[in-house]
Amino acid sequence: MAEYKPIRKVVSGNYAAAYAVKHARVQVVAAYPITPQTSIIEKIAEFIANGEADIQYVPVESEHSAMAASIGASAAGARAFTATSAQGLALMHEMLHWASGARLPVVMVNVNRAMAPPWSVWDDQTDSLAQRDTGWMQFYAENNQEVYDGVLMSFKVAETVNVPAMVIESAFILSHTYDVVEMIPQELVDEFLPPRKPLYDLADFSRAISVGALATPNDYYEFRYKLAKAMEDAKKVIKDVGKEFGERFGRDYSEMIEKGYVDDADFVFMGMGSLMGTVKEAVDLLRKEGYKVGYAKVRWFRPFPKEELLEIAESVKGIAVLDRNFSFGQEGILFNEAKGVLYNTSARPIMKNYIVGLGGRDFTVPDVKAIAEDMKRVIEAGKLDREVEWYHLKR
Amino acid sequence: MNTLFGEKKTEAKKIVFTSVDQYPEAPISLATTLSNFTGDWRTFIPVIIEEKCVKCYICWKFCPEPAIYIREDGYVGIDYDYCKGCGICANECPTNAITMEKEEK
Amino acid sequence: MIEIRFHGRGGQGAVTAANILASAAFKEGKYVQAFPFFGVERRGAPVTAFTRIDDKPIRIKTQIYEPDIVVVLDPSLLETVDVTAGLKDGGIVIINTEKSKEEVLEKLKKKPGKLALVDATSIALEVLGLPITNTAILGAVAKATGLVKLESVQEAIKETFSGALGEKNAKAAEEAFNKTTVYEL
Amino acid sequence: MEIPESIKKRLTIPAEEHFFAGHTACQGCGASLGLRYVLKAYGKKTIVVIPACCSTIIAGAWPYNTLDANLFHTAFETTGAVISGIEAALKARGIKVKGEDGVMVVGWAGDGGTADIGLQALSGFLERGHDAVYIMYDNEAYMNTGIQRSSSTPYGAWTTNTPGGKMHFLEKRHKKKVIDIVIAHEVPYAATASVAFPEDFIRKLKKARKIPGPSFIQLFSPCPTGWRSPTDKSIEIARLAVQTAYFPLFEYENGKYKINMPSPKKEPKPIEEFLKLQGRFKYMTREDIENLQAWVLREWEKLKKLAEVFG
């Protein structure tokens, strides 16, 4: 193994994604422009134009076709990548099922953006979380570094378990924010991520195969189980790949939930994506002020890290779940998932759901402090006043 | 074996799995449809009158199954395991060398 | 952590200025973050961009509400935008203007600790032949704040714009660096 | 079994079969014949993409494959996009596509999946210029879901959602001219073909293989089930569609039109000859038939003019 000397660059989250695509030696990119994803494909096009990347770029006429073309490319043995956001992701929905059902390890970056109407181009997780049941893995990046690392790791995990993966970054807060990213020299990426070995290959004519034919009720069920099992197996692969990544490049991702101050915390903030950067900053300040608070950043939402969540829940009195998303008629989506995990266990922390930052409403350090104050009060009272708090709501 | 698909047909098997472990990881096919004998769909059966056959192979050309094959002697044969009895061969035969007859099963 | 806010108009390169400043600080071993106001940018409309500079990794992901430094790329913005909004006590304001210290102070809602003035538009017109002031103003930022060296700014400029364009822009920064007047208030 | 060389020489279409029997197409199905011809023309080094349509079923339920070639089943509206992605992957992997010995990437979609829900993906495929062949097998309605009208359904036709009845609720619009939309993309090669003329169809498939860029073939493909026609009449009906100039066979190659059939010099047969064999047209009034006949002749004149001016 060659010695690791990182290349540090100041790049946007979108450029970090594009660099990762280049370094992963992606062979086919089929994508459609949409704010705020567009600069990912612009940067990839620039790499191609400069002769820096040997990629077949298919400028499709819609996101539905972007995913369809990616599926075709992946089925024909190529390493395929696409990127989208919000409305585009919703348009792809049908084909997301197709990618996972055909067991194709397509990797996609979704730039989290709120769904319209009203029109919005700002950060909101409802677009990706609405794809929860499509059989895609979901990795939520906190910062640009995690966008870059996430894309590289996702290819490795996806191609090991033959399940597609989505790397999710916040609109503007990451996509258009320049930040320091440590990139990995190409030869070291190559060692970490060897060429793809497909499960099947449409370009192999040694035996004629059909993929995805009609399966009767007698057979369909078993294929669903296979996918469920692969997603479950992915947990170990994710942890192993995350550990390997840490050993090679110094950034450990062996935990599906990144934890801070959990061991002696009364309560923790739980959430996903860029808002957890602000939470970490705030938690440090709160600690200095004497609050016994920690954080639990959910990196992988699918497969869901049940076991790690349970460990946290057993050691704290309360969990404040921060959801930049909402499931109408119910509650925040991460909150809903986390509560569900704990039902059949003995862990019974008080859990309160804070709906924050929908449609890009800025979520700041003072906001975290205010929520900490509220959560402290709830824990002291030993009971919930209300389960779901629309924190930012103008009243 | 004197049929269109010869050995492939004799080897064709129905595949029935009883355990999830037997299934492939992805829904890829494992066999041809040759094990599916569609001949029992038939109500009318094409019968070749060899004396009238001029070996034009139009029937062979237009068989949608395909269930008509060309024999070594140049005449055509019908693989009744697959022939669904649509009657195109009889309708297209320029010399009326194929007739459709009610099949007794 | 130092937080800087840029005010400009769409098309003047405020966002690029924020990025170049971040790159320059990055060259000097700092951790940086640069981003536009998360809005819908249109040519001519007032725009805001931000830079954060720190000695340790920057985790905070919010907009900047209480800047240490404010940089104004277009003098006309003083008429319509409260550029000193949230400015920390003793903060620095850097303005592209031909006007005098007194005239400028009259327009500012909050008195800064330090005021730096430079006629970046004239410099840009002279050196680049275009009234795009984002690179020139960075020379003034280097001069007034000492946050980054002029050389780092010039290097970052040349990485952003290649060839002769980069050279010219680096020269504009240098001109501005030399022509900036700094007032301790 | 092997066909003797002496006989092979006399065959008008390739002897090789890459389409297995045992498939589950209806009796007298035109689409299954079409697929058989495609594979005769292209052989087993072919990747066929099939969206939701009758051919999904015809090609075999899991775990069986009717094609002696690789087949990818995809969603209804995605044929154009999926063949684009496959072609891009093959190129990325340095695998030869099209030409004499390259891999053939073939989209095989029905008229609903092409003229309606798949039109956008088809357009994208055509305008981007991928090296693949898109075949629309045209049975003039949504047959797989139980005979609903598509934009390719002809004027006056009965379908289950244009059922006639006392309000005379039949298809009121003429057939969408998908081939004209395709030609508007300035594709290198577009053609119409018919299962009744396999030699012509296979010649066109082979031409599509040689010409770089995207090719499109609209294949007239009778459906006895949906057309309420006797199963043995499929070829006869398809032949009459050409002879009446209802579905003339022509080619568009690099800007030039060429009519193959029927002869532009002869008067086409009256449309009734085509209509009378099919139960789907039995609710048409005399006026309906006249309207359809007028449309057929008008379009035929138009095509003849195009061939004359841009021949």
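How far apart do the closest C-alpha atoms of chain C and chain D lie? They lie 29 Å apart, and no contact joins the two chains. Please keep in mind while browsing these views that the model is predicted.

**Figure 1. Which chains touch, and which do not.** Four pairs of chains touch, and the pair with the most contacts is B and D. Chains B and C, on the other hand, do not touch, and their nearest C-alpha atoms are 41 Å apart. Chain C and chain D are likewise without a contact.

**Figure 2. Chain D on its own.** Here you can trace twelve helices and nine strands in chain D. The radius of gyration of chain D is 19 Å, close to the 19 Å that the globule rule gives for 311 residues, so chain D is as compact as a globular protein of that length. Along the principal axes, the C-alpha atoms of chain D fill a box of roughly 60 × 45 × 45 Å. Of the 311 residues in chain D, 66% are buried. If you look at contacts in chain D between residues at least 6 apart in sequence, 70% of them join residues at least 24 apart.

**Figure 3. The surface and charges of chain D.** The accessible surface of chain D comes to about 10,600 Å², and carbon and sulfur atoms account for 55% of that area. Chain D carries 41 positive and 33 negative charges, and the mean positions of the two sets are 2 Å apart.

**Figure 4. A salt bridge between two helices of chain A.** Over all chains, the structure holds 87 salt bridges. In the one shown here, E244(A) pairs with K156(A), with the closest N and O atoms 3.1 Å apart. This pair links distant parts of the chain, as E244(A) sits in helix α8 (residues 220-249) and K156(A) in helix α6 (residues 144-161), 88 residues apart. K156(A) has a relative accessible area of 17%, so this lysine counts as buried, the limit being under 20%.

**Figure 5. A salt bridge between two strands of chain A.** K297(A) and E258(A) form a salt bridge whose closest N and O atoms are 2.6 Å apart. Distant parts of the chain are linked here too: K297(A) belongs to strand β12 (residues 293-298) and E258(A) to strand β10 (residues 257-260), 39 residues apart. What is the relative accessible area of K297(A)? The value is 0%, and K297(A) is buried. Its partner E258(A) is buried as well, at 13%.

**Figure 6. A strand, a helix and a salt-bridge network in chain A.** The side chains of D374(A) and K352(A) meet in a salt bridge of 2.7 Å, N to O. D374(A) lies in helix α12 (residues 365-381) and K352(A) in strand β15 (residues 350-355), so you are looking at a link between distant parts of the chain, 22 residues apart. D374(A) is buried, with a relative accessible area of 15%, and K352(A) is buried at 0%. Follow the shared partners outward and you find one network that joins K352(A), D374(A), R377(A), D385(A), R386(A), E389(A) and R395(A).

**Figure 7. A buried threonine in a loop of chain C.** T133(C) is found in the loop between α4 (120-127) and α5 (134-145). Is this threonine buried or exposed? T133(C) is buried, with a relative accessible area of 2%. Leaving aside its neighbours within four places in sequence, T133(C) is in contact with Q12(C), L73(C), N96(C), A120(C), T121(C) and A124(C).

Terms used. Residues numbered from 1 in each chain as written. Chains lettered and ligands numbered in written order. Predicted model: local features only at pLDDT ≥ 70, side-chain atom pairs only at ≥ 80, totals over all residues. Heavy atoms only, no water. Helix = DSSP H or I, 4+ residues; strand = E, 2+ residues; numbered from the N terminus. Rg over C-alpha atoms; globule rule 2.2 N^0.38 Å. Buried < 20%, exposed > 50% of the residue type's maximum accessible area, 1.4 Å probe, protein only. Contact = heavy atoms within 4.5 Å. Areas by Shrake-Rupley, 256 points an atom, 1.4 Å probe, with all protein chains shown as cover. Lys, Arg positive; Asp, Glu negative; His and termini not counted. Charge placed at Lys NZ, Arg CZ, Asp CG, Glu CD. Salt bridge = Lys/Arg side-chain N within 4 Å of Asp/Glu carboxyl O.
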